[in-house]
Amino acid sequence: MHPKALLDSCSELLKQVLKFDHPADAVVSRYFREQRLGPRERATLAETVYGVLRKKSLYTYLAQHGSGPPERRLAILGFAAERDFLLSALTDQEKDWLARCDQVQPGDLLELHRHNLPQWLVEPLKQQLGDNFWPLVESLNAPAGLDLRVNALKDKRSDVQKELAKAAIKTVATPYSPWGLRLADKPPLNKLDVFTRGAIEVQDEGSQLLALLLDAKRGEMVVDFCAGAGGKTLAIGASMRNTGRLYAFDTSGHRLDALKPRLARSGLSNVHPVAIAHERDERIKRLAGKIDRVLVDAPCSGLGTLRRNPDLKWRQSPKAIEELTAKQTAILQSAARLLKPGGRLVYATCSVLRDENEAIAEAFSAANPAFKPLETRELLTHLGVEGAERLCSGAYLRLWPHQHGTDGFFAAVWQKI
């Protein structure tokens, strides 16, 4: 595609994404379906859009001093291709403006143009992290790599690693999850035999550790309470060695439909997807007191996934967080009723905010003396995770992109007395 045409496409796509009416990944996918683009053009467009979303505050500030439509200026600043390729699409006036932008030093910028976060999010993160705030910012403003989970029901991690190497895909074993492989880039995997036969699934190492923490055993009755598209469901089912009964609950039938092809590939027959109306659904009540283990990966702000979903920081708000915490509290309380004595309850989010994490766990512990909090560090150490203490804060699992190379995750664990 000609440089001018590609830059125009970037500007048009950015115009749609920056309305923030829908998640960026959905807008980008729809645009790709509507346009005839090659893989190279798609990659450039997607990387440009996500680059702008990551550094929107800085680029909006720099764009004020340019000319032409604002989306075009933002696209120029975030353009994810060779500089000479870009320059061939610019007017002399735009080239001069871009050269001036290149001369701006980070030390000359205001904080808000350096961290590229909404102000309501800055203070809670600074309070939690202190001097680690800026390393977190740096990690959130960089793209994430790609983690895979090896299906332990079908293959060994070392064998899959060798098989991927033969396809010229280099991986390293994840440092904490016993099932994970990490890739530096994002090659197409879905045509490879290792993918189509269900030996691997794309899943962040942090998400894998949540399934590990549940520690579901052969023959047990287990519930993944907010299963979504089922990444953790599949990991739990494999750890149960395809025995027992694993219910995948979700209020979205559409999300559960996305689980079906993954389930078919996985070789699991112990998973039972169930669409529920709400957390007090009759189908849940019928299982009260009968379940061995429950994972509540609660609906949350998703602010731990900003490396992958940078639009979330601009689409979330304090009011939305307040509504989510009320929902999280209700869901956790309902899910807890499923457990029989001796059963394990895991509450998890992919948020970095204390309000969605420690505050919810502490309130639940205070309101439910029949649930004994367990130390995640001890549980992970017992499960053979080396350096488990580095993954935990107090009694909780607390994962950060800048420290652990994962998305931001939280988990609390209880045993019903």
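Select K19 to begin the tour of this predicted model. K19 sits in the loop that connects α1 (3–17) with α2 (24–34). Its relative accessibility is 54%, and because exposed means over 50%, K19 counts as exposed.

Keep K19 selected and add K15, R30 and R33. Together, K15, K19, R30 and R33 form a patch of positive charge on the surface.

Next, select S57, which is placed in helix α4 (residues 56–63). Is S57 buried or exposed? With a relative accessible area of 16%, S57 is buried, since the limit for that class is under 20%. To view its surroundings, display L112, H113, N116 and W314: S57 touches these residues when those up to four places away in sequence are not counted.

Now move to L338. This residue lies in the loop between α18 (318–336) and β9 (339–349). L338 has a relative accessibility of 0% and therefore counts as buried.

Which residues does L338 touch, leaving aside residues up to four places away in sequence? Show V223, F225 and F249, then I284, L287, A288, G289, K290, I291 and V294; L338 is in contact with each of these.

For the last stop, retain L338 and I291 and draw a distance between their C-alpha atoms. The separation is 5.6 Å, although L338 and I291 are 47 residues apart along the chain. I291 is also among the residues that L338 touches.

In review, the selections run from K19, an exposed residue, through S57, which is buried in the model, to L338, which is likewise buried.

Conventions. Residues numbered from 1 in each chain as written. Predicted model: local features only at pLDDT ≥ 70, side-chain atom pairs only at ≥ 80, totals over all residues. Heavy atoms only, no water. Patch = residues over 30% accessible without salt bridge, like charges linked within 9 Å, V, L, I, M, F, W, Y side chains within 5 Å. Areas by Shrake-Rupley, 256 points an atom, 1.4 Å probe, with all protein chains shown as cover. Salt bridge = Lys/Arg side-chain N within 4 Å of Asp/Glu carboxyl O. Lys, Arg positive; Asp, Glu negative; His and termini not counted. Charge placed at Lys NZ, Arg CZ, Asp CG, Glu CD. Helix = DSSP H or I, 4+ residues; strand = E, 2+ residues; numbered from the N terminus. Buried < 20%, exposed > 50% of the residue type's maximum accessible area, 1.4 Å probe, protein only. Contact = heavy atoms within 4.5 Å.
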